[in-house]
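Visitor: I'd like to know what sits behind words like "buried" and "salt bridge". Could you walk me through a few cases?

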Amino acid sequence: DSDGSPMLSWKRLGVDIAGMRSLFKRAFAFEEIRLSEPRIDLVHRADGKWNLLDLVPPDAAPEAAPQKSSAPRLIVDHFEVTQGAGSFTDRTMEASQTEQVTDINFSLADFSTLVSGNHFDLRAASPNIQSIRLQGTLSLEPGSSSGRVEIGGFSLPGVMGTWMPAVRPVAETGMLEFAGDYELLVPQGPLDFKARIGQLKFTDI
């Protein structure tokens, strides 16, 4: 970060390149990519800018309107993230708020930008959400994803106390669980997102 705070880090990165397949497929081919204990700390600053923009060098001169380009030819047999963590801090609010995310585990099998239907499985948790799971498929061309999301142990007082302090006295208890399917399409214009909730449960209200 520009102020010296950590932004991105990881403990170990392992890459196994499939050299011969890269030549035959004319693509960047990897048998396996493993990322151990990564951490990302997102900050939405008071001026409305994100700390991740510090990674982008300032433009030396105005650029012409970008032309549409295809995704890089990429093949990954197995990609895995284990024991990830992170945080999100919002400093645009009157009182700065931070939410921690832990136990991030992500796996992606048989990924290729040459085809669609790449399968992924994302799991995570936070102090206010006991379990988060997202399973589905994704494609880069066109940009799309579909699958199922499951949230368990969503603490209403915990989330409201962090992000809506004024509401906290109204919700001192309460847990939420829900599951449903989603479809996301990223065309050239606005996002197209559809969701269908199959299960919604409130407890300890």
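Guide: Happy to, and keep in mind that this is a predicted model. Let's begin with Asp77, which counts as partly exposed at 26% relative accessibility.

Visitor: Why is Asp77 called partly exposed?

Guide: Buried means under 20% and exposed means over 50%. Asp77 has 26%, which lies in between, so it is partly exposed.

Visitor: What makes Asp77 and Arg21 a salt bridge?

Guide: Their side chains come to 2.5 Å, N to O. The cut-off is 4 Å between a nitrogen of Lys or Arg and a carboxyl oxygen of Asp or Glu, so the pair qualifies. The two partners sit 56 residues apart, with Asp77 in strand β5 and Arg21 in helix α1 (residues 19–25). Arg21 is partly exposed too, at 27%.

Visitor: Why is Asp41 called buried?

Guide: Its relative accessibility is 12%, and buried means under 20%, so the label fits. Asp41 pairs with Arg39 in a salt bridge, with the closest N and O atoms 3.0 Å apart. Arg39 has 29%, between the two limits, so that residue is partly exposed.

Visitor: And what makes Val56 exposed?

Guide: Val56 has a relative accessible area of 52%, and exposed means over 50%, so it passes. You'll find Val56 in the loop between β4 (39–44) and β5 (74–90). Along with Leu8, Ile40, Trp50, Leu53 and Leu55, Val56 makes a nonpolar surface patch of about 550 Å².

Visitor: How many salt bridges does the structure hold?

Guide: There are 11.

Key: Residues are numbered from 1 along each chain as its sequence is written. This is a predicted model: local features need pLDDT of at least 70, side-chain atom pairs count only at pLDDT 80 or more; totals for chains, interfaces and linings use all residues. Side-chain values use heavy atoms; hydrogens and water are left out. Patches are made of residues with over 30% relative accessible area and no salt bridge: like charges are joined within 9 Å, nonpolar side chains (Val, Leu, Ile, Met, Phe, Trp, Tyr) within 5 Å. Accessible areas come from the Shrake-Rupley method with a 1.4 Å probe; for residues, only the protein chains shown count as cover. Helices (H or I, at least four residues) and strands (E, at least two) are DSSP runs, numbered from the N terminus. Buried means under 20% relative accessible area, exposed over 50%, partly exposed in between (1.4 Å probe, protein chains only).
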